[in-house]
Amino acid sequence: MNYKELAQFLFENIDKSPEYYEELYPERNLKEGARVTRFAPSPTGFLHFGNLFTCMIAYKTAKATDGVFYVRVEDTDQKRKVEGAIDVMLKGLAVYGINADEGVVGDDVEKGDYGPYYQSKRVDIYQCYAKWLVEQGLAYPCFCSAEELDEIRSEQENESIKGYWGKWAKCRDLSFEQIKANIEAGKSWTLRLKSPGDLEKKCFFDDMIKGKIEMPENVQDVVLLKSDGIPTYHFAHVVDDHLMRTTHIVRGDEWISSAPIHLQLFRLLGFKVPKYAHVAPIMKEENGGKRKLSKRKDPEAAVTYYAEQGYPQESVNEYMMTLANSNFEDWRRINKDEDISKFPFNLKKMSVSGALFDLVKLTDVSKNVICTMPAQRVFELSYEWAKEYNPLLASLYEQDKEKATAILNIDRENKKPRKDIAKWSDIPDYISYMYDETYNECYDLTGNATPSLAVRVLEEYIKVVDLSDDKDAWFSRMKEICPLVDCTPNVKEYKAEPEKFAGHIGDVSTVIRVALTGRTNTPDLFSITSLLGEETVKARLEKALEHYKEEQ
């Protein structure tokens, strides 16, 4: 067969050659060792935590080498396209500090010299390379109907290798005259690869995460162009990754089974094969076993969950890095104040089998992150969150922003800050007693603090409470109350002879704490008292006193 004649017949509108595109998209002028990676989403609108994680790995891989990270949109399946989806995804990535150096940077907004970055705008490029494959005798039109393909599948039910290949590749050896007659008769066709694969041979590649992988060569005549001339993922990504000069393809390990097809296509097209890094899926424990994190079962699978709950991006990034590299936590212990970008991320230190998602661990990581933040930053970030997700908290902040910041600063900017807040949605409850609008009265006591002791403590404290006291003076007043209510200011003394006392200074402070906050455990009571203000303090003390009198 005259393959050049066939190629011209099939692609008469394609007038560019591969050489044209090779010149249009030259090798990148980057330093030795710089890596070029990409995120290639479909415009479906849902950003899965696994997508974010894999994208972060690709981003770190490029940034660690002063390389390039770009976004390419794989929108060849227009039926699945959701309007505005790409903007949502890009904004979701930006929250976690992932911003593309080039590519798609907004809906229909692109930057960079290797575009277009929407696959739907690159059809002529794919068809140029498809035409070249036909010219080499490496691709052919297939006229099999859906019914015929179903028939082939049913015939292969007991075959170890399924698909369009060997004796089932019915259109592989059609003559030019048969092909021409079919097309002139209006028959629909797809373009298939004429695979030179051998069942007896293996293909190999060194995965950056999983090490050396050996698989049987691809023997299937996979579809390269669908009947509408649009490429399949297999073909499009090979052409794109070559022309965009991708050096490292970071993707989920569900694509490992397709690697023989991709390796074959790279080599048949004469392209240099990029390095692959197949990321294992994020797993979750369930009923003693493990399963993939599921967008159907797990709310935390959606990246929007973290914004809604109010996890700071720093917390999510720190947590993702604990999943990514096993040595990150040791590095963080040694480099407490270092920017996370300084961590020497390494693909080879990633889990081969898949990291385990643990919401408790994320919470712990986030508490550690938030406790080191200055109060002003906690206020600013939680205020932005509240404006979108908790209008009541936002309105409380707006009453007095300085007071709100001071409340958040209680027990914060010191050597051992409290770790009560894991996410901004914890704050409304955490500070509820600081505002009359959200304060819930509760007079439950613990330890030696009984209603009768509470009455005596409150009667004495009401006489002497003075919000102009500094902390030492305030604590002195607490100690002075102790002997008046048969308590000791010395806890050790109480422990030595408990029968001599009604309680100790801890019990006295518990009574006052509960009266003012409705809680037995809070941050620094002196700071709380100062910020509540004289009117609120006296009103709450009086009300608590009435309650305990009635309870006796």
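A disulfide is a pair of cysteine sulfur atoms within 2.5 Å. Keep that cut-off in mind for the tour. The model on your screen is predicted.

**Stop 1: the cysteines**

How many disulfides does the structure hold? The count is 0. Select Cys-171 and Cys-144 to see an example. Cys-144 carries the closest cysteine sulfur to that of Cys-171, and the distance is 3.8 Å. A disulfide needs the two sulfurs within 2.5 Å, so this pair is too far apart for a bond. Now check the surroundings of Cys-171. Its relative accessible area is 8%, so Cys-171 is buried. Next, select Cys-128. This cysteine is buried too, with a relative accessible area of 2%.

**Stop 2: a link across the chain**

Turn to charged side chains. The structure holds 38 salt bridges. Select Arg-72 and Asp-240. Their side chains meet in a salt bridge, at 3.5 Å from N to O. Where in the chain do Arg-72 and Asp-240 sit? Arg-72 is in the loop between β2 (68-71) and α4 (85-95). Asp-240 belongs to helix α8, residues 233-243. The two are 168 residues apart, and the pair links distant parts of the chain. Are Arg-72 and Asp-240 buried or exposed? Both are buried.

**Stop 3: the network**

Keep Arg-72 and Asp-240 selected. Add Arg-38, Glu-74, Arg-122 and Asp-241. With Arg-72 and Asp-240, these residues are linked in a network of salt bridges.

**Stop 4: one turn of a helix**

Move to helix α12, residues 328-334. Select Asp-330 and Arg-333, which both lie in this helix. They are 3 residues apart, about one turn of the helix. Their side chains form a salt bridge of 2.4 Å, N to O. How exposed is each partner? Arg-333 has a relative accessible area of 51%, so it counts as exposed. Asp-330 has 42%, so it is partly exposed. The cut-off explains the two labels, because exposed means over 50%.

**Stop 5: one last pair**

Finish with Glu-338 and Lys-342. Here too the side chains meet in a salt bridge, at 3.7 Å from N to O. Colour the two by accessibility if your viewer allows. Lys-342 is exposed, at 53% relative accessibility. Glu-338 is partly exposed, at 34%.

Technical notes: Residues numbered from 1 in each chain as written. Predicted model: local features only at pLDDT ≥ 70, side-chain atom pairs only at ≥ 80, totals over all residues. Heavy atoms only, no water. Salt bridge = Lys/Arg side-chain N within 4 Å of Asp/Glu carboxyl O. Helix = DSSP H or I, 4+ residues; strand = E, 2+ residues; numbered from the N terminus. Buried < 20%, exposed > 50% of the residue type's maximum accessible area, 1.4 Å probe, protein only.
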